[in-house]
Amino acid sequence: MNLTDRVVVITGGAGGIGAALARRFAAEGAAAVVLADLDAHATAAVAESVGPVARGVAVDAADEGQVRDLVADTERRYGRIDLFCANAGVATGSGIDAPDADWDRAWRVNVLAHVYAARAVLPGMLARGGGHLMHTCSAAGVLTAVGDAPYTATKHAAVGLAEWLAITYRDQGIRVSALCPQGVDTPMLADGLATGHLAARVIAASGPVLTGDQVADAAVAGLAEERFLILPHPEVAGYALRRAEDPDGWQAGLRKLVRRLRAAGPPPA
């Protein structure tokens with residue numbers, strides 16, 4: 001995908017990866033960048049910082065009616081949507097004992113929001129004979145988020161959904177990408193590191209922590225090449241290969257890392 005003159009929608013656009021994508025897409029010459037997020041104030045501020053091509057709207061990506069309205073309004077204003085980035089996501093930092101409400105929220109934001117986006121945007125894309133969906137799925141979707149069971153399960157489901165969409169709609173002109181970064185300098189990771197949470201510490205110990213702008217650079221490169229799996233951390237491909245070839249050895253290595261981090265104790269405040 002060449003982003004010049006494209007109309008793009010990004011959920012989870014109030015900060016982090018979503019805001020970085022918006023900045024980069026605008027720099028690439030996008031005709032319009034619509035940022036959607038629960039936090040209306042922050043979303044408007046990001047849109048203002050991006051420039052006149054950007055527009056911020058308050059949308060709950062886990063509410064199908066609001067997503068339908070977002071897509072319909074964008075198509076009325078700009079005539080089409082060329083790229084829809086289902087980027088909203090939540091972590092829980094919990095194991096299987098997470099409350100049902102946390103499991104439900106993770107499922108709705110990390111999986112069903114992608115379903116709702118595809119349902120809403122695909123009819124217009126199919127009618128025009130083309131379009132691109134990019135789902136932010138996290139490296140947890142191809143590996144594991146140690147310390148966060150709901151995040152791991154739902155991100156695996158998100159990758160599976162993206163793959164299903166790619167297989168089902170590619171021959172009808174629809175491209176699908178799964179953006180799967182590992183450690184990214186966002187509040188989600190920073191807050192976890194500040195509290196010494198195991199999941200965040202494992203991520204930080206597994207590879208470099210990238211900026212949102214670096215993830216956006218990788219996303220633009222992946223979109224240009226129409227890649228399904230976009231890996232801002234190239235080492236994730238090697239991890240995934242080792243995991244597939246020797247799952248028992250892979251799990252043993254992670255358990256060893258967890259034991260080492262626990263023995264070291266939380267970082268000083």
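**Close-up views of a predicted model**

**View 1. Tyr169 and its aromatic partner, Trp164.** Tyr169 has a relative accessible area of 18% and is therefore buried, since buried means under 20% relative accessible area. The structure shown is a predicted model. The ring centres of Tyr169 and Trp164 are 6.2 Å apart, and their planes stand at 75°, so this is an edge-to-face pair. Trp164, with a relative accessibility of 48%, is classed as partly exposed. The model contains two aromatic pairs.

**View 2. The aromatic pair of Tyr239 and Trp250.** Here the arrangement is tilted, with 40° between the ring planes and 5.8 Å from centre to centre. Both Tyr239 and Trp250 are buried. Tyr239 belongs to helix α9 (residues 235-245), while Trp250 belongs to helix α10 (residues 247-264); the pair therefore ties together parts 11 residues apart in sequence.

**View 3. The largest nonpolar core, with Leu70.** This core comprises 47 residues. Leu70, Phe84, Leu133 and Leu165 are the residues with the most contacts inside it. The element that gives the most to this core is helix α4 (residues 100-128), which supplies nine residues. Leaving aside residues up to four places away in sequence, Leu70 touches Val9, Val34, Ala36, Val57, Val59 and Phe84.

**View 4. Another nonpolar core.** Apart from the largest core lies another, made up of 29 residues. Ile17, Val184, Leu210 and Val220 are among them.

**View 5. Ala31 in the loop between α1 and β2.** Ala31 is placed in the loop that runs between helix α1 (16-27) and strand β2 (32-37). Its relative accessible area is 40%, so Ala31 is partly exposed. With residues up to four places away in sequence not counted, the contacts of Ala31 are Asp5, Arg6 and Val53. The C-alpha atoms of Ala31 and Val7 are separated by 5.6 Å, although these residues are 24 residues apart along the chain.

**View 6. The span annotated as "domain: Ketoreductase".** This annotation comes from an unreviewed UniProt entry and covers residues 6-182. Within residues 6-182, helix accounts for 50% and strand for 18%. The C-alpha atoms at the ends of the span lie 28 Å apart.

How values were computed: Residues numbered from 1 in each chain as written. Predicted model: local features only at pLDDT ≥ 70, side-chain atom pairs only at ≥ 80, totals over all residues. Heavy atoms only, no water. UniProt positions renumbered as here; feature names shortened; annotations may be inferred. Helix = DSSP H or I, 4+ residues; strand = E, 2+ residues; numbered from the N terminus. Core = buried A, V, L, I, M, F, W, Y, C linked by side-chain atoms within 4.5 Å. Buried < 20%, exposed > 50% of the residue type's maximum accessible area, 1.4 Å probe, protein only. Contact = heavy atoms within 4.5 Å. Phe/Tyr/Trp six-rings, centres within 6.5 Å; stacked < 30°, edge-to-face > 60°.
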